[in-house]
Amino acid sequence: MSGPFTTTVVGSFSRPRDLIEASKKRAKGEIPQAELDVQLERATEATIRGEEEAGLDVITDGEQRRSSFVSFVGDKIPGFKVMHITELNPDAMEILKRNKVQLTYMRAVVTEELRDAVIAADEFEKARRYSKKPFKVTLPAPYLVMWESWHRTHSEGAYPTPEDFGYAYAKLLRNEVGRLRDAGVSFVQLDEPMLGDLTEAGDKPDRYRNVFRELYGQEYRGFKEELKLAVDMLNEVVKGVSGVKIGVHMDRWPNKDSPYFDQGYERFLPELLEARTSQWILEYTSQGTGDPAKLVKEFPDGVEIGLGVISVQNYEVESPEQVVARAERVIGSIEPERIWLNPDCGFAPGMFRTFPREIAFAKLKSMTEAAGILRKKYA
Ligand SMILES: [Zn+2]
C-alpha cells in the first residue's frame, strides 16, 4: 500500500442520478427497499470501477450508501434520532444565512444512551467484492459528532454534557475500528472537519461553532481547550488499537474576512502532534490555506501527510504538471514515502451534492499520472 506518493481519495463521490431518484422514491414509499438496493449496489460497483480505472492505489466505496458523511451514523447506532434542523431551533434557516454556513437539514441528534452497532463494516463487506486493492473506510470522528449531535434540550437526559457523549461515541468507534481491521480494511480515516474549522477560531469561536451554539446550545471552550479536547477524543478512539493504519482528515475553508487567512493547520502545533494518528489528510489547494511545509517538517517520524492536490470546488481538471507542482511544496520537508496524494476533500460529503462524476474521475487520473512523474523524479 505504501509506495512513495500513494494515491487515494478522501472518501465520498457524488451519487449517480438513478441512485438519487431511487432514494427519493424510497423515502416516499413509492418503491420497495429491494429496488433501492439494486441502485446502491450499482453505484458502489461503478464508483470502485472508476477509481480502479483512474489508477488509485487505495480504494473507497465512495460513501455511496450514506446519506451524508456524518449523519448516517444516526441510522446505524441506536440512541440517535434524526430531526429536521428547524426542530432544533425554529430560527435555524435564518441562523445559517446570517453566519454564511451550510448544513444538511436532517440532523442526527443523540436522545438516548448509545449502543454498540456496526457502522461501516457492512458497507465494506459489500464493497470489497469489486476490488482486490487495499481499502480505506471513513468514519466521523468524535469531536465532530459531539458538536453535531449533542443538543442541550434533546440530549441532556442521555448525556449531561457534550463531553460525556463524545467520549461514549469514541469508545463505540474504537469497537468499529477493530471490526473493520478484522474484516481486512487497510486504512481507517477519521473525519474531523470541526477541528479543521477551528483554524478560523481564536479568542472568539469560528462561524461553525457560532452556529452550533445558536442551534444546539453548546458553548465554545476557547481555542486551546477545543484543540486539546479534539486530540484527546481521537486518542480515545485509537487507544490500544493496532494492525490498521489510522488517518485523520481535517477540512479547511479559508475565509477572506478572517484574521487567520493565509495561516494553516500549523496553528494547531504543538498540541496536534499529541494525536496518535499515522496520517493527516489535509486541504491545501484553496487560496489562504497556508504553507504545508511549515506543518510537515514538524511531524514526528513515521507520520505521513495525505496532501490535498486536487480541488473539489471547481470543475477544472488539473494537469498532471499542476499536481506535481502542488506536491513539490512539501518535498524537502518530508520524505517521499511519507507523502500521499489525494483530493482536498470528498467530492460529495452529502447525498445531494452534485459534482460531475466524470470530472471527478478525470481529476483522479491526472493525480495518478502526477504520482508517476513524481516517483520517477524523487524515488
Ligand atoms: Zn473534508
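**Notebook: a walk through the model**

**Entry 1. The loop between S6 and S7**

I started at Pro 270, which sits in the loop between S6 and S7. I note here that the model is a predicted one. I looked up the peptide bond that leads from Leu 269 into Pro 270, and it is cis. Its omega is near 0 degrees.

I stayed in the loop between S6 and S7, where I also found Asp 262. What is the sign of phi at Asp 262? It is positive, near 80 degrees, in a residue other than glycine. I then checked whether Asp 262 is buried or exposed. Its relative accessibility is 52%, so it counts as exposed, the mark being over 50%.

**Entry 2. Another positive phi**

Next I turned to Lys 100, in the loop between helix H5 (92-99) and S3. Lys 100 is not a glycine, yet its phi is positive, about 55 degrees. Its relative accessible area is 67%, so I wrote it down as exposed.

**Entry 3. The zinc ion**

Which residues coordinate the zinc ion? I listed His 249 through NE2, Asp 251 through OD and Cys 345 through SG. The distances run from 1.9 to 2.1 Å. I wrote the spacing of the donor residues in sequence as H-x1-D-x93-C.

Asp 251 and Cys 345 link distant parts of the chain, 94 residues apart. I found Asp 251 in the loop between strand S6 (245-250) and strand S7 (279-282). Cys 345 is in the loop between strand S9 (339-343) and helix H15 (357-378). Are these two donors buried or exposed? Asp 251 has a relative accessible area of 9%, so it is buried, the limit being under 20%. Cys 345 is also at 9%, so it is buried too.

**Entry 4. The nonpolar cores**

I looked at the largest nonpolar core and noted its 110 residues. Tyr 143, Leu 190 and Trp 280 have the most contacts inside it. Which helix gives the most to this core? It is H12, residues 223-238, with nine residues.

I picked Leu 190 for a closer look. I left aside its neighbours within four places in sequence. Its contacts include Leu 139, Ala 141, Leu 173, Leu 234 and Val 237. Ile 246, Gly 247, Val 248 and His 249 are also in contact with Leu 190. I had already met His 249 as a donor to the zinc ion.

I also found a second, separate core, with eight residues. Among them are Leu 19, Ile 20, Ile 31 and Ala 43. I added a general remark: in soluble globular proteins, nonpolar side chains tend to be buried together.

**Entry 5. Cavities**

How many cavities of 30 Å³ or more are there? I noted four. The largest has a volume of about 100 Å³. It has 13 lining residues, and Asp 61, Glu 123, Lys 136, Val 137 and Thr 138 lie nearest its centre. Helix H6 (121-127) and strand S4 (136-140) are the elements that give two or more residues to this lining. By class, I recorded five nonpolar, three polar and five charged residues.

The second largest cavity holds about 50 Å³ of space. Its lining includes Ser 68, Val 70, Ser 71, Met 106, Ala 108 and Tyr 216. Strand S3 (106-110) and helix H7 (142-149) each supply at least two residues. S3 gives the most, with three. The classes here are four nonpolar, four polar and two charged.

I followed Ser 71 from that lining. Ser 71 lies in the loop between H2 and helix H3 (73-76). It touches Met 106 and Ala 108, not counting residues up to four places away in sequence. At 14% relative accessibility it is under 20%, so Ser 71 counts as buried.

**Entry 6. A pocket**

I then looked up the second largest pocket, with a volume of about 230 Å³. It is lined by 13 residues, and the closest to its centre are Arg 15, Arg 17, Ile 20, Thr 354 and Phe 355. Ile 20 was already in my notes, in the second core. Which element gives the most to the pocket lining? It is H1, with three residues. The lining divides into five nonpolar, two polar and six charged residues.

**Entry 7. A long reach**

Last, I checked Gln 33, in helix H2 (residues 33-54). Gln 33 is partly exposed, at 36% relative accessibility. Gln 33 and Phe 299 are 266 residues apart along the chain, and I noted 47 Å between their C-alpha atoms.

How values were computed. Residues numbered from 1 in each chain as written. Predicted model: local features only at pLDDT ≥ 70, side-chain atom pairs only at ≥ 80, totals over all residues. Heavy atoms only, no water. Core = buried A, V, L, I, M, F, W, Y, C linked by side-chain atoms within 4.5 Å. Buried < 20%, exposed > 50% of the residue type's maximum accessible area, 1.4 Å probe, protein only. Helix = DSSP H or I, 4+ residues; strand = E, 2+ residues; numbered from the N terminus. Contact = heavy atoms within 4.5 Å. 1 Å grid on protein atoms, 1.4 Å probe; cavity = no way out; pocket = protein on both sides within 12 Å on 5 of 7 lines; lining within 4 Å. Points joined across faces, edges and corners; volume = space filled by probe spheres on them. Nonpolar A, V, L, I, M, F, W, Y, C, P; charged D, E, K, R; others polar. Donors = N, O, S within 2.8 Å, 3.2 Å for Na, K, Ca; no water.
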